[in-house]
Amino acid sequence: MNVENRYVTIKHPIEGKPLMSDFEVRTEQLTLEIQKGSKDVIVKNIFVSIDPYQLNRMKAESASQKASILSSCISPGQKIDAHGLGRVVESGNDKWKKGDLITGFLGWEEYSLVKPWPEPNKIEAVDQFPLSCYLSVFGNSGLTAYAGLFHIGKPKKGDKVFVSAAAGSVGNLVGQYAKLAGCYVVGCAGSKKKVDLLKEKLGFDDVFNYKEEPELMSALRRYFPDGIDIYFDNVGGEMLEVAIANMNAFGRVAACGAISEYTDKKKRARIDMMDVIYKRITISGYLASDYIHVYPDFVSMTSEHLSHGRMHAVEDISHGIENVPSALVELFEGVNIGKKLVQVSEI
Ligand SMILES: NC(=O)c1ccc[n+]([C@@H]2O[C@H](COP(=O)([O-])OP(=O)(O)OC[C@H]3O[C@@H](n4cnc5c(N)ncnc54)[C@H](OP(=O)(O)O)[C@@H]3O)[C@@H](O)[C@H]2O)c1
């Protein structure tokens, strides 16, 4: 059987903030058939994930492109692989049969041909949580938050934790985990709506709108009069500089992302290394994929907290493959609250 498959691509390499005019949606004819002997599966995508790292793949050059095949450069016209969740419609592989729901590297498209590696995960139980949770709180963002906080931040009861982009997909979970670990948690975010959600629903001790602070250094001194023990960094740039300046001895920085630098190289952080040395601060960059081995612990802890209402999944879902470009553009404008997903077909 032949179907029309709409997919998103870029028209040219993107430097700076992404614009709608950088993208196009193309249509191809796809035969829903697996070649004899192939172990591939064809998936009808339901949700696709919108993630900041994709922008670095769309540049002519970025250090991230050499790190892994999963963050390699995207050429104009090329399909864009991305985390997604979908239903198997054809299978050449005994591990996944027609009708199974899987998450894995699918693509910004309506149907994806999925290779056996990186291996997709079959979703076994789908009745306890909404399906989208398997791509948000139980997906890469959740693992990123869990691994960065617990394995790099190593929180102890009473530690003072600062989280940037705190209302985002990763940040909101970091704050929730840190509260559950008995820490004092302050976040920063870019709108009043985000600040209110973090304080009123997600239990952050305090939150400030960094866009309204004339001076970030004095803001952090005000929110952390006793210094910061753990900084969970999603943004890099000036926020990283001032967080380091306000850290306590033996502080830990989980260097998760540097979104403020993705659109402007000139914003690169200039860290005072004397602070790092004399305060014996550990700054660790990491990728969620380094922590696949903790996935079972992460899922078990998170599902326990979610099912008892001690944690909340925050998602921001748009609809239709044609809305993938605007979803990415809006991530860099701070429009999203929680995990940004686009639903491209009915469940
Ligand atoms: N290491 C890993 O394995 C890994 C995995 C996933 C994500 N990440 C990184 O983690 C960070 C957060 O990712 P996410 O998926 O959770 O995205 P997200 O936080 O859901 O969305 C991005 C948010 O970043 C903020 N932002 C956008 N431009 C900014 C700027 N110039 N300066 C400061 N803040 C800005 C916006 O919130 P405001 O309204 O608050 O500005 C926006 O809503 C990103 O840097 C991403 O690359 C790393």
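So, to kick off: in which loop does Pro 118 lie? Have a look at the model, and keep in mind that it's a predicted one. Pro 118 lies in the loop between strand S6, residues 111-114, and strand S7, residues 121-122. And there's a nice detail at that spot: the peptide bond joining Trp 117 and Pro 118 is cis, with omega at about -5°.

Okay, now the ligand. There are 31 residues around the ligand, and the ones that come nearest are Gly 168, Ser 169, Gly 190, Gly 257 and Gly 334. What sort of residues make up that shell? We get 15 nonpolar, 13 polar and three charged. As for where they come from, domain 1, that's 2-136 plus 314-343, gives at least three residues to the shell, and domain 2, 140-289, also gives at least three. Three helices each supply at least two shell residues: H3 at 140-153, H4 at 169-180 and H8 at 259-262.

Let's stay with H3 for a second. In the loop between H3 and strand S8, residues 160-163, you'll find Lys 154. Lys 154 has a phi near 45°, so here's a positive value in a residue other than glycine.

Next, a pair of strands. S9, residues 184-189, and S10, residues 206-209, run parallel, and four bridges join them. Between S9 and S10 the chain passes through helix H5, residues 192-200, and this β-α-β crossover is right-handed. If you want one pairing to click on, Ala 189 has Asn 209 in S10 as its bridge partner.

Moving along to helix H10, residues 295-307. Why is 18 Å the span to expect? Because H10 has 13 residues, and 1.5 Å a residue leads to 18 Å; the end C-alpha atoms are indeed 18 Å apart, which agrees. Just after H10 comes Gly 309, with a positive phi of about 70°.

Last thing, the record. UniProt, in an unreviewed entry, lists residues 53-342 as "domain: Enoyl reductase (ER)". Over that stretch, 53-342, the chain is 32% helix and 21% strand, and the end C-alpha atoms are 16 Å apart. That's my tour, thanks!

Key:
Residues are numbered from 1 along each chain as its sequence is written. This is a predicted model: local features need pLDDT of at least 70, side-chain atom pairs count only at pLDDT 80 or more; totals for chains, interfaces and linings use all residues. A residue is near a molecule or strand if its C-beta atom, placed from the backbone, lies within 6 Å of it. Ala, Val, Leu, Ile, Met, Phe, Trp, Tyr, Cys and Pro count as nonpolar, Asp, Glu, Lys and Arg as charged, and the others, Gly among them, as polar. Domain bounds come from an automatic or database domain assignment. The expected span of a helix is 1.5 Å times one less than its number of residues. Two strands pair if DSSP finds at least two bridges between them. A crossover is right-handed if, with the strands pointing away from the viewer, the path from the first strand over the helix to the second runs clockwise. UniProt positions are given in the numbering used here, feature names are shortened, and annotations may be inferred rather than shown by experiment.
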